[in-house]
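I opened a new notebook page for this protein. My plan was to look up charged residues first and the backbone afterwards.

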Amino acid sequence: MKKALITGVTGQDGSYLAEFLLEKGYEVHGIIRRSSSYNQERLEDILTEEEASVLVNNKNFHLHYGDVTDALNVTRLIGEIQPDEIYNLAAQSHVRVSFDMPGYTLDVDAKGTLNILEAVRILGLTDKTRVYQASTSELFGKVQEVPQKETTPFYPRSPYGVAKIYGFWITKNYRESYNMFAVNGILFNHESERRGETFVTRKITLAAARIAQGKQKKLLLGNLDSLRDWGYAKDYVECMWLILQHEKPEDFVIATGEMHSVREFADLAFKHVGIEIEWIGHGIEEKGINKATGEIVVEVDPKFFRPAEVEQLLGDPTKARTLLGWNPTRTSFEDLVRIMVAADMMKVGNEDIVKKTFDYVI
Ligand code: NAP
Ligand code: F7E
């Protein structure tokens with residue numbers, strides 16, 4: 001039985017990846033952070049006996065307290081577990097927040113990656129343990145060519161992107177220096193019903209559901225013109241695994257090859273809850289009006305703008321399709337929005353206490 005260690009197992013991708021690997025028959029170990037409040041909601045399908053699917057054997061799932069910034073802790077855990085595969089998904093992953101916490105983002109996203117690689121090396125596991133690093137399309141930032149592929153030069157636009165560039169290069173460097181199977185998946189945005197509530201897609205689908213059910217009046221957004229290549233997280237975790245099963249250690253771009261604006265995403269999400277939006281005005285004056293009632297449902301608030309923006313991202317998944325046999329269009333953009341809205345309509349329907357304001361969402 002293969003053993004996998006996932007850092008960031010409580011996050012969107014970590015939870016889907018844990019389920020995927022358990023279904024493949026792996027023994028899965030995950031690192032969780034100590035928190036004053038419960039942080040394992042996304043793992044409930046695995047942890048709860050009745051929820052676990054017939055395929056998932058949750059006896060093979062083990063959680064360990066840890067933090068990737070604590071080198072001694074990760075070294076001890078890797079030494080004890082002796083994993084065949086490590087998926088380093090732990091990160092301060094919010095781009096806007098990285099402008100407020102650049103130092104912390106550096107510690108987790110850059111130094112944290114080094115801590116994992118160095119542990120594998122010091123423990124003499126370089127021949128045994130394969131390491132996947134969660135790299136990102138944010139490396140391309142101010143894009144130097146369209147679409148972006150494995151050879152496109154990087155130009156990060158945030159402390160997050162800059163920290164992740166260190167993660168990318170140190171992974172490549174350990175591969176070249178120590179002959180390790182250490183690889184980068186350069187993943188474009190991927191979303192799901194488990195997406196954190198402060199990322200734009202989930203912020204929109206939750207707000208659309210709440211507005212449709214009379215539990216929220218308005219949705220405040222930043223840059224509506226921003227363009228992203230949005231895929232479905234469940235499809236993307238399969239690719240992380242495929243990258244580690246490939247015969248050669250190589251880096252891969254993972255994307256759908258389709259690009260949509262934030263405005264388009266909002267349009268479609270509201271359509272799914274029965275609200276047709278008409279957009280009026282420009283720039284910070286732009287508003288989304290409910291055509292049927294004339295009410296303003298979307299407004300622009302400059303507080304959600306970023307000091308430096310990534311205007312557009314579009315990936316070219318040709319290499320992953322050709323060498324890994326991965327299907328980049330398994331879930332269409334339309335299906336992704338539909339899945340997320342449907343899940344949030346259910347969630348909001350079950351909400352007893354509605355928070356007074358959702359302004360805190362960034
Ligand atoms: P996410 O939902 O924000 O999850 C991040 C995970 O990292 C959480 O489990 C979090 O734990 C954990 N974490 C944060 N700091 C940590 C630390 N110091 N030590 C240990 N664990 C820590 O992110 P995601 O969307 O699943 O993304 C997974 C990875 O892929 C991240 O590295 C992200 O940067 C990268 N990525 C994501 C996308 C995307 O579109 N989703 C695209 C490209 C790359 P808590 O639950 O305790 O906060
Ligand atoms: O923003 C714009 C915002 O925060 C997408 C992370 O998973 O993907 C993610 O980073 C776009 C940006 O994701 C709001 O300005 C408008 O242009 O959902 P996001 P992100 O910054 O693309 C990459 C690949 C990662 O690696 C990251 O870990 O939407 N936008 N209005 C807004 N964004 C937010 N959050 N909130 C708004 O109100």
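The entries below record what I looked up in this predicted model.

**Entry 1: a buried lysine**

I started with K164, which sits in helix 6, residues 159–178. Does K164 count as buried or exposed? K164 is buried, and it has no salt bridge. I then looked for the nearest side chain of opposite charge and found D109, 5.1 Å away. A salt bridge needs a side-chain nitrogen of Lys or Arg within 4 Å of a carboxyl oxygen of Asp or Glu, so the 5.1 Å to D109 is not counted as one. I also listed what K164 touches, leaving aside its neighbours within four places in sequence. The contacts are A91, D109, Q133, A134, T136 and L139.

**Entry 2: a negative patch**

Next I looked at charge on the surface. Which residues form a negative surface patch? I noted E41, E44, E50 and E51. I picked E50 from this group and found it in the loop between helix 2 (44–47) and strand 3 (61–65). E50 has a relative accessible area of 68%. Exposed means over 50%, so E50 is exposed.

**Entry 3: salt bridges**

How many salt bridges does a search of the whole structure find? The search gives 24. I looked up three of these pairs in turn.

The pair D45 and R194 forms a salt bridge, with the closest N and O atoms 3.5 Å apart. This pair links distant parts of the chain, 149 residues apart. D45 is in helix 2, while R194 is in the loop between strand 7 (190–191) and helix 7 (200–212). I compared their surroundings: D45 is partly exposed at 35% relative accessibility, whereas R194 is buried at 14%.

The side chains of K128 and D84 also meet in a salt bridge, at 3.3 Å from N to O. K128 lies in the loop between helix 5 (102–122) and strand 5 (130–136), and D84 in the loop between helix 3 (71–81) and strand 4 (85–88), so this bridge ties together parts that are 44 residues apart in sequence. K128 is partly exposed, with a relative accessible area of 38%.

For E238 and R330, the closest N and O atoms of the salt bridge are 2.8 Å apart. E238 is in helix 8 (residues 233–245) and R330 is in the loop between helix 10 (318–324) and helix 11 (333–349), so the two parts tied together are 92 residues apart in sequence. E238 is buried at 18% relative accessible area, and R330 is partly exposed at 45%.

I then looked for bridges with shared partners. Salt bridges of this kind join E19, D45 and R194 into one network.

**Entry 4: the backbone**

I turned to the backbone with a general rule in mind. Most residues other than glycine have a negative phi, and most peptide bonds are trans.

Which residues does a cis peptide bond join? I found V146 and P147, with omega at about -5 degrees. P147 is in the loop between strand 5 and helix 6.

I also noted two residues with a positive phi that are not glycine. Q82 has a phi of about 55 degrees and lies in the loop between helix 3 and strand 4. Q82 is partly exposed, with a relative accessible area of 31%. N179 has a phi of about 60 degrees and is placed in the loop between helix 6 and strand 6 (182–187). N179 is exposed, at 66% relative accessible area.

Note on methods:
Residues are numbered from 1 along each chain as its sequence is written. Chains are lettered from A and ligands numbered from 1 in the order in which they are written. This is a predicted model: local features need pLDDT of at least 70, side-chain atom pairs count only at pLDDT 80 or more; totals for chains, interfaces and linings use all residues. Side-chain values use heavy atoms; hydrogens and water are left out. Helices (H or I, at least four residues) and strands (E, at least two) are DSSP runs, numbered from the N terminus. Buried means under 20% relative accessible area, exposed over 50%, partly exposed in between (1.4 Å probe, protein chains only). Lys and Arg count as positive and Asp and Glu as negative; His and the chain ends are not counted. Contact means heavy atoms within 4.5 Å. Patches are made of residues with over 30% relative accessible area and no salt bridge: like charges are joined within 9 Å, nonpolar side chains (Val, Leu, Ile, Met, Phe, Trp, Tyr) within 5 Å. Accessible areas come from the Shrake-Rupley method with a 1.4 Å probe; for residues, only the protein chains shown count as cover. The place of a charge is taken as NZ of Lys, CZ of Arg, CG of Asp or CD of Glu.
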